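Trainee: I keep meeting labels for residues and helices, and I'd like to know where they come from. Can we go through some together?

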Amino acid sequence: MSVIRVALPLPLRQHFDYLLSANQQVQIGCRLRVPFGKRELIGIAWQLNPADHYPLAQLKPVISVIDRQPVISDTLRQLLTFAAEYYHHPLGEVLTAALPALLREGKNLADYQQYAWQLSPTGTKASPADFKRSARQLALWHALQQGPIPALELQASHPRSAVKQLADKNLIEQHLLPLTPYQQRGLKQPALQLTADQALAVTAINQAAERFQSLLLEGVTGSGKTEVYLQAIAPLLDAGKQVLVIVPEIGLTPQTLARFQSRFQAPVLCWHSNLTDTERLNCWQQTQAGSTAIVIGTRSALFLPFTRLSLIIIDEEHDQSLKQQDGFRYHARDLAIKRAAIEQCPVLLGSATPSLESLYNCQQQRFVHLSLQNRAGGQAMPRYQLVDLKQQVLQFGLASQTLQYIRQQLQQGMQVMLFLNRRGFAPALSCQECGWLTECHRCDAFTTYHKQSRQLVCHHCGAIKAVPRQCKECGSARLAPVGQGTEQLEENLQQLFPEVAITRLDRDTTRRKGALASALDSINQSGPRLILGTQMLAKGHHFPYVTLVVIVDVDGALYSSDFRAPEQLGQLLTQVAGRAGRGSNPGTVLLQTHYPEHVLLQDIIQNGYAAFARSALLERQHTRLPPYQHLALFRAEALQSSLCQQWLTELAALAKTMPGLELLGPLSSPMEKRAGKFRWQLQLYSAQRPQLHQALATLLQVLQQWPLSRQLKWQLDVDPIDLS
């Protein structure tokens, strides 16, 4: 009998020891089925015969060994161990977060074999004339003439309906796909001519091959960062290497995937939460076998089991979506840097608006700074213009000057984009008699009115209520929307411009599968069009026919208690403005505001993001805020506000006895009540990162023993992005 230490998916910061029988062979990193109380859990074998194991008489035997080969490799073990220690999160939960759902459930890998599609004997005899009624079937038939294509790769590039239709006609058939390393077959399309700055960037990336180096690619919007990625990747694929590209949003995956697939004759797969469990496991298996060359995915793609990883690219590295905001609160950008160090490969961070942390690392010479200062096609950067809303009569929230600009661009056959970061019809409904506003009963927030669904929705906790017929305070039936959201703006624009096509991009309109890709296809067609939406518009999209961008309401983000707010607003304004003038026509950006003299707006407009970011860094240094100090945040949630305050007060008293810490709080969160619970927080700052982590380890060890800790929900967030 031997002892195996197992990491289990439990919110407990400890390992668990079990007995292995003589006929049970297991490698570190394999899955095990073990008893835990009255349940059976799937755990990961972590250490064989640890010296400090529990007495054998107290140990339960392992029920079964699931895997013959490890599902977590040595390099991933190093990364996940580091992540658990750095973010002070239970190792078992970190490990299971890195695995696809079917592996977490204990499914056998042999039950999920890979298949490829190929032309049947009948399909090889077909001709293009047989598909004259379906361009999609013709495109699929042409693709399969080059040879078999793995099912997952085919699903990413062709509609399932086309696959089914050809299969029903017996023109294509499936066969078992052996998982072997891919073969690069050259380029589908020739590379573009690089500018001097792009060529320097590609050279610097190529020179960093086969060793760890962090590079920041700061390029203005439209400067051709993606082309730099493509040309830096090409020699790696020729050598049979693998590349990981992380994007912040699912919405960016299809267009990025299409760009890469159109360039390389090598397997390119995607990874995001909209895939089925089987599709995610298939991608995981192909990555582990080296069958895929490039994976483009959201933050959890960082944990895929690459065997020949040679480059990690983080696109839009500044984006807050790269930080997981619940459970295991990791930052994909920071862990990508650690993984690159373990794999001994370069990591490339790209953005038009780099985070202050990355710019600080460039100043400290931890990162190599690469710069693209001009647009790749030689287009001029968009021209900013402030629209002062004071003493103006607005029509549907738009100034007469703004409407005049919009009409001019539409008459010239151009497209206009309107950015409003509020979805729904209106932020609230108000009683016209007594002033009562619709509020969420679970949050300190108003409920958003969605006219199309006739619902009041809280965008913080997700609570949904029917629209009331009368005021709950005075009984009046005179309820009217207050403020404006994208749904209302769309309705108003239809009245103002009835002959113009309108495309709205927000979470409500893109919820259905394929809706976002369809909307982007319509936008990329020439002709007058109004495009409106939320932050989704700012996520790196290329809209060649947009010549005017209107930021409808700048003021909502100008004043905030969060020290990161100016940085985030500067990034948002620059990214949204960057959608204008990317084609052959110059672009203009209109910013509607009641505060045209505001320092931040003037700085962005007059000097650009690069100058603004460097002055913001200087301000952070003077105020001793991150990245010049390191920050950790304790959050507490409970049904009684006093419990949170008491627990954090005791925690603060203990933290004050530790050297090198500065405390802010306990404070109630900016939104004190959310989802029915009161929320408080305690911020811990330290100039020395090791000192902060040593203090956190001590605090965690003590507070887990407090009886009060079991009466509320608490979390630790290391390097928090969101302080709300």
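Trainee: Why is Y360 called buried?

Mentor: Buried means under 20% relative accessible area, exposed means over 50%, and partly exposed is in between, using a 1.4 Å probe and protein chains only. Y360 has a relative accessible area of 15%, so Y360 is buried. Before we go on: this is a predicted model, where local features need pLDDT of at least 70, side-chain atom pairs count only at pLDDT 80 or more, and totals for chains, interfaces and linings use all residues. Residues are numbered from 1 along each chain as its sequence is written, and side-chain values use heavy atoms, with hydrogens and water left out.

Trainee: What makes the pair of Y360 and Y628 edge-to-face?

Mentor: Rings of Phe, Tyr and Trp (its six-membered ring) pair if their centres lie within 6.5 Å; planes under 30 degrees apart are stacked, over 60 edge-to-face, and the rest tilted. Here the centres are 4.9 Å apart and the planes make 70°, giving an edge-to-face pair. Y360 belongs to helix α13 (residues 356-363), while Y628 sits in the loop between α18 (599-623) and β27 (630-638), 268 residues apart. By the ring rule, the count comes to 15 aromatic pairs.

Trainee: Which residues do ring pairs link into a cluster?

Mentor: That would be F82, Y86, Y87, F303, F328 and Y330.

Trainee: Why is α13 called roughly perpendicular to α18?

Mentor: Helices are DSSP runs (H or I, at least four residues), as are strands (E, at least two), numbered from the N terminus. Axes are lines fitted to C-alpha atoms, for helices over the stretch in contact, and angles run from 0 to 180 degrees between N-to-C directions. Under 35 degrees is roughly parallel, over 145 roughly antiparallel, 65 to 115 roughly perpendicular, and the rest oblique. α13 and α18 pack at about 80°, with their axes 10 Å apart. That makes α13 roughly perpendicular to α18.

Trainee: And which residues meet there, in α13 and in α18?

Mentor: Contact means heavy atoms within 4.5 Å. L356, E357, L359, Y360 and Q363 of α13 meet Y609, A613, R614, A616, L617 and R620 of α18.

Trainee: What makes α19 and α20 oblique?

Mentor: Helix α19 (residues 641-655) and helix α20 (residues 689-703) pack at about 135°, their axes 11 Å apart. That angle falls in none of the named ranges, so α19 and α20 are oblique to each other. The contact involves W647, L651, L654 and A655 of α19, plus L699, V702 and L703 of α20. By class there are 7 nonpolar, no polar and no charged residues; Ala, Val, Leu, Ile, Met, Phe, Trp, Tyr, Cys and Pro are nonpolar, Asp, Glu, Lys and Arg charged, and the others, Gly among them, polar.

Trainee: How do you know whether L76 is buried or exposed?

Mentor: Use the accessibility cut-offs again: L76 has 2% relative accessibility, so it counts as buried. L76 lies in helix α1 (residues 74-86). Leaving aside neighbours within four places in sequence, L76 contacts F303, L304, P305 and R339. The C-alpha atoms of L76 and L304 are 8.5 Å apart, with their positions 228 residues apart along the chain.

Trainee: What is S127 called, with a relative accessible area of 29%?

Mentor: At 29%, S127 is partly exposed. S127 is in the loop between α4 (121-124) and α5 (135-144).
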